[in-house]
Amino acid sequence: MGVLFVGLGTMGQPMVKRLSSSFEVTVYDIDGDARRRVAAELGVPELPDLGDVPASIDTVVLMLPNSTITESVLTGASRLLNRIPAGGLIIDMTSSEPASTRSLARVAASRGVAYVDAPVSGGRRRAESGELAIMVGADDSAYLRAHPILETMGARIVHVGGPGAGGAAKALNNLLSATHIAAASEVLTAAAKLGIDPAIMLEVLNSSTGRSQATEVKFPEFVLSGSFASGFGMDLMLKDLGIARRISEEAGVYMPVTGLAREITENAREGLEGSPDHTEVVRYYEARNGVTLRA
């Protein structure tokens, strides 16, 4: 099995490093410098042009920023889908719009190509250790074909349904994650106003029922330290929250609590310049409440 890995960004680089230890991998990224650097580091071939895919490639793994770019690569100007042989496999690990994924899966099926959507959770650190959580949307046979590839990058692989279900699960997961961050920001700024040291309050939460991944990992490592270096940008979080909003509205789901957390994240983004980390939502609460949680 020859694998083409497309997308060598923050997550793609450590993921392809794990993958290349078990499979024959060729790498591509629109950024030529990144492509050459990763190829040299891993000792694997680089593909300078998606129009020149080697005949040995029968599997493509995509790790791209959004559905628009995925569509462009597969069916737009690059038309990569046309260069995958019948019987081939696409594993789309982008956090994609479920409707777009379902459409691409139908096009792929018409060409005899299996399509798997498999977005990830865990951030760069777990990508480096191969411990990502992977939510898979695919039919049973495609899931079984993709599993040996996915298990090189993830420790928890959950088959959640057909094509598009993976993207839906990822968006809903991130909606809850954003809600945890907003709620923890409220509680910790309240504690600070009441004279409780934020680090002490985190100790209380993490030894009690209020704990979450936000309080156990994100606040002590990225917020109280002031680093805001979780590796996941607020704009990417807002993209996923937008997907969650659209699919929940289409399904007629009542979601007032997580919906408010999404609005707060949007409001927080308006007051931040550049490319803030998603944990910087706390700055919004610090400004509103007149306290700081950082030493």
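The UniProt record, in an unreviewed entry, assigns residues 4-161 to "domain: 6-phosphogluconate dehydrogenase NADP-binding". The structure examined here is a predicted model. Across residues 4-161, helix accounts for 38% of the chain and strand for 24%. The C-alpha atoms at the two ends of this segment lie 25 Å apart.

Within these bounds, strands β3, β4 and β5 are linked by parallel pairing. Strands β3 and β4 run parallel and are joined by four bridges; among the partners, V61 is matched with I91 of β4. Between these two strands the chain passes through helix α3 (residues 67-75), and the resulting β-α-β crossover is right-handed. Strand β4 also pairs with strand β5 (residues 114-117), again in the parallel sense and over four bridges. Here I91 has V116 as its bridge partner in β5. A right-handed β-α-β unit is formed by β4, helix α4 (residues 98-110) and β5. Residue I91 thus has a bridge partner in β3, namely V61, and another in β5, namely V116.

The environment of β4 (residues 89-92) is enclosed on both faces. On one side L89 and I91 are buried, and on the other I90 and D92 are likewise buried. In the adjoining strand β3 (residues 57-62), T59 was examined individually. The relative accessibility of T59 is 1%, and because burial is assigned under 20%, this residue counts as buried. Beyond its neighbours within four places in sequence, T59 is in contact with M1, G2, V3 and L4, with L89 and I91, and with I149. Two of these contacts, L89 and I91, belong to the buried residues on one side of β4.

After the annotated segment, helix α7 comprises 29 residues, from 165 to 193. From the first C-alpha to the last, α7 reaches 42 Å, close to the 42 Å expected at 1.5 Å a residue. The helix is followed by G195, which has a positive phi near 90 degrees.

A search for aromatic pairs returned a count of one. This pair consists of Y284 and Y285, which adopt an edge-to-face arrangement with 5.8 Å between the centres and 85 degrees between the planes. The two tyrosines fall into separate accessibility classes. Y284, with a relative accessible area of 22%, is partly exposed, because this class lies between the limits of 20% and 50%. Y285 counts as buried at 7% relative accessibility.

Key
Residues are numbered from 1 along each chain as its sequence is written. This is a predicted model: local features need pLDDT of at least 70, side-chain atom pairs count only at pLDDT 80 or more; totals for chains, interfaces and linings use all residues. Side-chain values use heavy atoms; hydrogens and water are left out. Buried means under 20% relative accessible area, exposed over 50%, partly exposed in between (1.4 Å probe, protein chains only). Contact means heavy atoms within 4.5 Å. Two strands pair if DSSP finds at least two bridges between them. A crossover is right-handed if, with the strands pointing away from the viewer, the path from the first strand over the helix to the second runs clockwise. UniProt positions are given in the numbering used here, feature names are shortened, and annotations may be inferred rather than shown by experiment. The expected span of a helix is 1.5 Å times one less than its number of residues. Rings of Phe, Tyr and Trp (its six-membered ring) pair if their centres lie within 6.5 Å; planes under 30 degrees apart count as stacked, over 60 as edge-to-face and the rest as tilted.
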